[in-house]
Amino acid sequence: MANDSLKKAAKEIVKKGHVVAFTGAGVSQESGIPTFRDPGGLWDRFNPMEFGTTQGIIELANNNPQKLIDFLTDSINSIGNAPPNPAHIAIAELEKLGLLDCVITQNIDNLHQAAGSKHVIEVHGNIYAFRCTQCNETFKFTKDDFIGFLKKAIVELSSGSMERIVNTMPACKCGGKARLDVVLFGEPVHMIPESYMEIEQAKVVLIVGTSGTVYPVSEIPRYAKKSGAVIIDINPRETFYTDIDNYMLKGPAGVVLPELLVQVKAML
Ligand code: OAD
Ligand code: ZN
């Protein structure tokens, strides 16, 4: 049976509309993709200074390619095989009902779009997108093509030749070489003005599955709170947002969000 907070949170969504979902790795955990900072998470197994920075990746490619191959293989296996879960689907459904305006996600896994969400702002990029290192043009590949590129890069990594690795990357029509359009530590995040424009209009923010530790994106829900939005936090554990939460719905997103959706639909 739905608890009191769940019903009250659903009522806010129905009454106010203009929901923005702000999501992190936890929303994809039940799809089989590990989070970053939970025990067994990505940054628990791979040092972020080595695997999350350009400098670290170049050093690994030169000095310890096998470690980079293990990381890339791990990433292909987890993201490449993951389907959207009931949390992504419930968020897409809220958009279809006209209650949710957009999703701002820190995830690169493309699962919100795979679940049917139409308006998704990806502040840390997208795993299937490449960006030209010369003209900055971005282009997106299908999952299969992307996995093909990565497999070729892995083969060349074993050869130890940086030039051969760079040559496996897709070429832009300007002639420049492209790189993955994923934000690494120390790099500027994407679409911050667009995120702030959306969040300014938000009447309700659903914070789903994020620890709220990575600046500057972690500030986005705080800005909404200042403009009077109701904050609903969905997470099995405490987050850094307890000071701004109006509702803390404790539990896995794939369970809580479908329950919330049932309550919302019952009130329409
Ligand atoms: P974290 O790993 O920091 O946090 C994951 C959050 O998900 C934690 O609060 C967990 O309690 C929660 N969680 C775990 N399982 C869940 C479930 N089934 N349902 C709901 N919540 C669950 O991941 P993020 O906050 O996304 O950046 O990390 C932010 C950024 O740090 C990432 O975008 C990435 C990383 O470094 C870059 O790579 C640039
Ligand atoms: Zn170009």
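Q: What makes the approach of alanine 253 to ligand 1 a polar contact?
A: A polar contact is a pair of N or O atoms within 3.5 Å; within protein, one must be able to donate a hydrogen and the other to accept it, and residues adjacent in sequence count only if both atoms are side-chain atoms. A backbone N or O atom of alanine 253 lies 2.9 Å from a nitrogen atom of ligand 1. That is within 3.5 Å, so the pair counts.

Q: How do you know how far the protein covers ligand 1?
A: On its own, ligand 1 has 800 Å² of accessible area, and the protein covers 94% of it. Such areas come from the Shrake-Rupley method with a 1.4 Å probe; for residues, only the protein chains shown count as cover.

Q: What kind of model is this, and how are its parts numbered?
A: This is a predicted model, where local features need pLDDT of at least 70 and side-chain atom pairs count only at pLDDT 80 or more, while totals for chains, interfaces and linings use all residues. Residues are numbered from 1 along each chain as its sequence is written, chains are lettered from A and ligands numbered from 1 in the order in which they are written, and side-chain values use heavy atoms, with hydrogens and water left out.

Q: Which other polar contacts does ligand 1 have, and what distances support them?
A: Arginine 37 places a backbone N or O atom 2.7 Å from an oxygen atom of ligand 1. Threonine 210 uses a polar side-chain atom, 2.6 Å from an oxygen atom of ligand 1.

Q: Which residues come nearest to ligand 1, and what makes a residue count as near?
A: A residue is near if one of its heavy atoms lies within 4 Å. There are 23 residues around ligand 1, and Gln29, Arg37, Thr210, Ser211 and Asn235 come nearest.

Q: How does the shell around ligand 1 divide by residue type?
A: Nine are nonpolar, ten polar and four charged. Ala, Val, Leu, Ile, Met, Phe, Trp, Tyr, Cys and Pro count as nonpolar; Asp, Glu, Lys and Arg count as charged; the others, Gly among them, count as polar.

Q: Which atoms are called donors of the zinc ion (ligand 2)?
A: They are the SG atoms of Cys132, Cys135, Cys172 and Cys174, at 2.3 to 2.4 Å. A donor is an N, O or S atom within 2.8 Å of the metal (3.2 Å for Na, K and Ca), so these sulfurs qualify. Along the chain the donors follow the spacing C-x2-C-x36-C-x1-C.

Q: Why is the zinc arrangement called tetrahedral?
A: Four donors earn that name if all angles lie between 85 and 135 degrees. Around the zinc ion (ligand 2) the angles run from 102 to 117°, so the arrangement is tetrahedral.

Q: What does the pair of cysteine 132 and cysteine 174 tie together?
A: Cysteine 132 lies in strand 4 (residues 125-132), and cysteine 174 in the loop between helix 9 (162-168) and strand 6 (178-182). The pair therefore ties together parts that are 42 residues apart in sequence. Helices (H or I, at least four residues) and strands (E, at least two) are DSSP runs, numbered from the N terminus.

Q: How do you know whether cysteine 132 and cysteine 174 are buried or exposed?
A: Buried means under 20% relative accessible area, exposed over 50%, partly exposed in between (1.4 Å probe, protein chains only). Cysteine 132 has 0%, so it is buried. Cysteine 174 has 40%, so it is partly exposed.

Q: Why do asparagine 110 and methionine 191 get different burial labels?
A: Asparagine 110 has a relative accessible area of 17%, so it is buried. Methionine 191 has 35%, so it is partly exposed.

Q: What stands out in the phi values of asparagine 110 and methionine 191?
A: Phi of asparagine 110 is near 70°, a positive value in a residue other than glycine. Methionine 191 is not a glycine either, and its phi is positive at about 55°. Asparagine 110 sits in the loop between strand 2 (100-105) and helix 7 (111-115). Methionine 191 sits in the loop between strand 6 and helix 10 (192-201).

Q: Which form does the peptide bond from tyrosine 215 to proline 216 take, cis or trans?
A: The bond is cis, with omega near 5°. Proline 216 lies in the loop between strand 7 (204-208) and helix 11 (220-226).

Q: Why is threonine 105 called buried, and what does its side chain contact?
A: Its relative accessibility is 2%, so threonine 105 is buried. Its side chain joins that of threonine 23 in a polar contact of 2.7 Å. Threonine 105 lies in strand 2.

Q: What makes serine 195 buried or exposed?
A: Its relative accessibility is 0%, so serine 195 counts as buried. Serine 195 is in helix 10. Its C-alpha atom is separated by 9.9 Å from that of valine 120, 75 residues apart along the chain.

Technical notes. Tetrahedral: all angles 85-135°; square planar, octahedral: opposite > 155°, others 65-115°.
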